[in-house]
Amino acid sequence: MGKEIDNYLQFIRLEKNLSPHTVVAYRCDLEQWEQFLTGGKEALDVKSVTTGDIRAWMLHLNKQGDSARTMRRKVQAVRSFYKWLMKQGMASDSPAAAVELARIPKRLPQLVRSSSMDELLDQEIDETDFVQVRNRLIVMMLYETGIRRAELLDLLDRNVDTASGELKVHGKRDKDRIIPFGTELAQAIDSYRLLRDELVRGCEHFFVKEDGNPLYPMLVYRIVHRALQEVGVTSKRSPHVLRHSFATAMLNDGAAINSVKELLGHESLATTQIYTHVTFSELKNNYKLAHPRALNKGG
């Protein structure tokens, strides 16, 4: 890998403070791009790269079956790299600037209906069983606070306050935010803590396994997937679907979009606005199902 790419990756890791996952993604994309241009036989001359070279790479990616979303991400990685090169005085322009990004078909977020979530969270469990209580709380917390799976895994015990009904969440780009929660979730948290503290003491992380070690991403995915499967959810069954469901439920019940943006920890309001399309889609569907003129005339 060329030294310029290596230095750029150090920059986004140390100075821009991007997550390790994001840095790895950039590394893979840029290494693949460099390999295509050089064949791995020589160092990449970043000043000699042309717009035609990048378009040829896009054609290659398309032929090998990469999706529009993947191709778009890879071009953006090259654009970001050249933007940094230009700031460092190592390039006068960006050959990726004139490359048109692949269009991604808009997809509405999948979600779980509130009736299915009510059925799931109202199921009886053994209140003395640590794993059952913990797993129920994981689903409840994801749905009632909208936090990301990574934020749930990083949640510290000291940052969960049932007296004030608040979570302090450490989000993307090292930004913290406070999320309020209600009495039902507070009671579930207290019940979980009692059982947890009987098994292990002095937990730094809020959610732990029976041996006191923190949870890991695939375990949380399996817990949510299994729970949603039990109540007959046929769409995507993942922790992120519960985040979508939280946002949509909030907007459906009249929450201001700016409030939902803050609760979700979005940088831009545009990211949150997709949920307004979900709620409007639901409104249209209800109209077609219920309004007599829609029924008589076929919508």
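Reader: Let's start with Ala-247: which helix does Ala-247 lie in?

Author: Keep in mind that this is a predicted model. In it, Ala-247 belongs to helix α10, which covers residues 239-252.

Reader: Is Ala-247 buried or exposed, and how do I read that?

Author: Look at the relative accessible area; under 20% is called buried. Ala-247 has a value of 0%, so it counts as buried.

Reader: What about distance in space versus distance along the chain: how far apart are Ala-247 and Thr-145?

Author: Compare the sequence gap with the C-alpha separation. Ala-247 and Thr-145 are 102 residues apart along the chain, yet their C-alpha atoms are separated by 9.0 Å.

Reader: Can we try that on another pair? How far apart in space are Arg-73 and Ala-102?

Author: Here the C-alpha atoms are 9.2 Å apart, with the two positions 29 residues apart in sequence numbering. Arg-73 sits in helix α4, residues 68-87.

Reader: And how should I class Arg-73, given a relative accessible area of 38%?

Author: Partly exposed is the class between the buried limit of 20% and the exposed limit of 50%. Arg-73, at 38%, is therefore partly exposed.

Reader: On to the sheet. In what order do the strands come?

Author: The general idea is that strands of a sheet pair through backbone hydrogen bonds, in either a parallel or an antiparallel way. In this model three strands make an open sheet, ordered β1-β2-β3, with antiparallel pairing. At the edges are β1 (160-161) and β3 (176-180), each pairing on one side only.

Reader: How many bridges join β2 and β3?

Author: Five bridges, in the antiparallel sense, with β2 spanning residues 166-170. To follow one of the pairings, go to Leu-167: its bridge partner in β3 is Ile-179.

Reader: Now the surface charges. Which residues form the positive patch?

Author: For a patch, look for like charges grouped on the surface. The positive one is made by Lys-16, Lys-83, Lys-87, Lys-172 and Arg-173. Lys-87 takes us back to helix α4. Its relative accessibility is 66%, so Lys-87 counts as exposed.

Reader: And which residues form the negative patch?

Author: That one consists of Asp-118, Glu-119, Asp-122 and Glu-184. Asp-122 is in the loop that runs between α5 (114-121) and α6 (130-145).

Reader: Why does Asp-122 count as exposed?

Author: The exposed class needs over 50% relative accessible area. Asp-122 counts as exposed because its relative accessibility is 59%.

Terms used:
Residues numbered from 1 in each chain as written. Predicted model: local features only at pLDDT ≥ 70, side-chain atom pairs only at ≥ 80, totals over all residues. Heavy atoms only, no water. Helix = DSSP H or I, 4+ residues; strand = E, 2+ residues; numbered from the N terminus. Buried < 20%, exposed > 50% of the residue type's maximum accessible area, 1.4 Å probe, protein only. Pairing = 2+ DSSP bridges. Patch = residues over 30% accessible without salt bridge, like charges linked within 9 Å, V, L, I, M, F, W, Y side chains within 5 Å. Areas by Shrake-Rupley, 256 points an atom, 1.4 Å probe, with all protein chains shown as cover. Salt bridge = Lys/Arg side-chain N within 4 Å of Asp/Glu carboxyl O. Lys, Arg positive; Asp, Glu negative; His and termini not counted. Charge placed at Lys NZ, Arg CZ, Asp CG, Glu CD.
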